[in-house]
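Student: Before we discuss this structure, could you take me through the reasoning behind the words used to describe it?

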Amino acid sequence: MAEPGKRAVAQWRRWALANLGPFAALFTTNFGSAWLILAPVVSLVATYAPRRLFRTYFNLFLRRRSRRLLNVVDPYVTIDISEPGGEVRYSRYGPVSDNDSTYEEVKAYLSGAAREQDARELRAEGAREGNGLVVSMRDGQDVADEFRGVPLWWSSVVARDVQGQRKGDRRFQRLTFHLSHRALVVDEYLPHVRRQGREILFSNRRRRLYTNSKSRDSYSYEYKSWSYIDFDHPTTFDTLAMDRAKKRDIIHDLDTFRNSREFYRRAGKPWKRGYLLYGPPGTGKSTMVAAMANYLDYDIYDVELTVVHTNSDLRKLLIDTTSKSIIVIEDIDCTLDVTGDRAGRPRRRANGGGDADDRPRDSVTLSGLLNFIDGLWSACTGERIVVFTTNHVERLDPALIRRGRMDMHIEMSYCRFEAFQTLAKNYLDIDDHDDLFAAVGEVLREENLTPADVAECLMAARRAGSGEPSPCLQILIDELKKRAVEKAKAEAEAKARAEAQAKAWAEAEARAAVEANAAARDRAMATHSNV
Ligand SMILES: Nc1ncnc2c1ncn2[C@@H]1O[C@H](COP(=O)(O)OP(=O)(O)OP(=O)(O)O)[C@@H](O)[C@H]1O
Ligand SMILES: [Mg+2]
């Protein structure tokens, strides 16, 4: 046989061996001798082997062939994300609830895409929480999407049986794409869809204000480390009264934090940031936390340290918080012994009263708290803000508030003119009122009144002046002056009380020392006379 002819036969034989398996022999070797060998085998197999085996083999064979053919004719792949709840899974403890949220996340993601593309046939369902609506495609509708230049198509379909009949109400979100992008879709696009969807779902729901339960109850069957209520605080940065430049810095810092996911990952840092808010009572520290939460759309976890009994309880609390949250410890100097001179200072109770420390010996320690803020545990889930508030920053251990732990120290101070302008807008709905505003500014420059004081005076002025700007401001000036006098008097009284108490303590200590000396002298004399 000529050379090309031989090559063709060899190629044919290879193909036949690869694709036809045992039948190859029938076509590739001398037919007669092959049949002599194979005939008994085939008849034996045909007699004894179950028919199913043959069928399976041929099915596989045909399917493989047809798939290759299909790839040429139709190179598109579909992935169905099905509505949960169809199947009940069982563990050895009984039925397991189906917590897979992928379908909801995909639907939320597509609601954005559907809106952008002006899809006309939509479905709207009430969001699980809040008053929002989740808009999604009606059955049979398509939405096109693009990811890194790759086109993709989503359609909403209802489960059907083989005859094409509708099978219940179970829905699928079906994704179609070219098979050459399978890796990109599975590894990157779908995680991206879930992430985005989760964010949309999160932003649709109401904010929450969590508080921790007593850790002593943790052995109880129904124990939950956090309980929550809906957080519906109306404060925003627009209504927060403070120096404008400082406010801008804080907003900028929050924006930078929120948009720095990639930066934190690249830098190998946990995605979190600490803020220390300090200043006298009534200067808006708690109000600032509410404004931050509303600005960022985060939940608040308000940690009550006095009911946390051990460092490991504190760690458990941290693990149970979710991403996109602000973890607040209010009045940190009062709830824990985190003062710089821990050796010399008696431990105080949360309410500030009483000398005895009734917290158990194994209570939360400073090192436990430091671990809570930036130990390994703090890196378990990202996008957290930690806020400490205090009236006495000078009392805190420097380790607790060093930069890097508390990244930004914000002083909330007395109400000056700029802060007053915001309050006047909030309470009286006036922007500026020439001379009267200047007069108020004058009073506020001289007197140390907090925004809470000024807010109270504004309420009083508003009532008395029937909401009219000029009379209200006139009354406000008087109120502020009156308030300043009252405050100075109250402060002087408090100071005198504190001095009297300190004097009484000093006298009591001196008396105790004299008595101890006398007792020691008596004991020494008794010992001496015995000898
Ligand atoms: N900067 C501010 N801007 C707007 N309102 C304020 C501000 N500061 C205080 N207020 C008003 O005073 C009230 C008390 O303020 P807030 O509780 O935030 O003070 P605080 O600094 O947290 O006080 P404390 O140290 O006693 O906890 C608030 O409800 C708010 O109405
Ligand atoms: Mg407060």
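Tutor: Let us start with V328, which, leaving aside its neighbours within four places in sequence, is in contact with V289, I300, Y301, D302, V303 and V387. Please keep in mind that this is a predicted model.

Student: What makes V289 and V328 a pair in contact?

Tutor: Two residues are in contact if their C-beta atoms, placed from the backbone, lie within 7 Å, and V289 is among the residues listed for V328 on that basis.

Student: Which residues touch the most other members of the largest nonpolar core?

Tutor: V289, I326, V328 and V387 do, in a core of 61 residues. The largest share of this core, six residues, comes from helix α9, residues 285-296.

Student: Why is this core said to lie between domain 3 and domain 4?

Tutor: Domain 3 (208-411) and domain 4 (417-506) both give residues to the core, and therefore it lies between them. In soluble globular proteins, nonpolar side chains tend to be buried together.

Student: Why is strand β13 called mostly covered?

Tutor: Five of the five residues of β13, which spans 325-329, are buried. S325, I327 and I329 point one way from the strand, while I326 and V328 point the other way, and all are buried.

Student: How do you know that β13 pairs with β12 and with β14?

Tutor: The cut-off for pairing is at least two bridges between the strands. Four bridges join β12 (residues 299-302) to β13 in a parallel arrangement, and five bridges join β13 to β14 (residues 384-390), also in the parallel sense, so both pairs satisfy the cut-off. I326 serves as the bridge partner of I300 in β12 and of I385 in β14.

Student: Why is K324 called buried and D297 partly exposed?

Tutor: A residue is buried if 20 or more other C-beta atoms lie within 10 Å of its own, exposed if 12 or fewer, and partly exposed in between. K324 has 21 such atoms and is therefore buried, whereas D297 has 13 C-beta neighbours and so counts as partly exposed.

Student: What is the sign of phi in D297 and in K324?

Tutor: Phi is positive in D297, near 65°, and positive in K324, about 55°, and neither residue is a glycine. Most residues other than glycine have a negative phi. D297 lies in the loop between α9 and β12, and K324 in the loop between α10 and β13.

Terms used. Residues numbered from 1 in each chain as written. Chains lettered and ligands numbered in written order. Predicted model: local features only at pLDDT ≥ 70, side-chain atom pairs only at ≥ 80, totals over all residues. Helix = DSSP H or I, 4+ residues; strand = E, 2+ residues; numbered from the N terminus. Core = buried A, V, L, I, M, F, W, Y, C linked by C-beta atoms within 7 Å. Domains from an automatic or database assignment.
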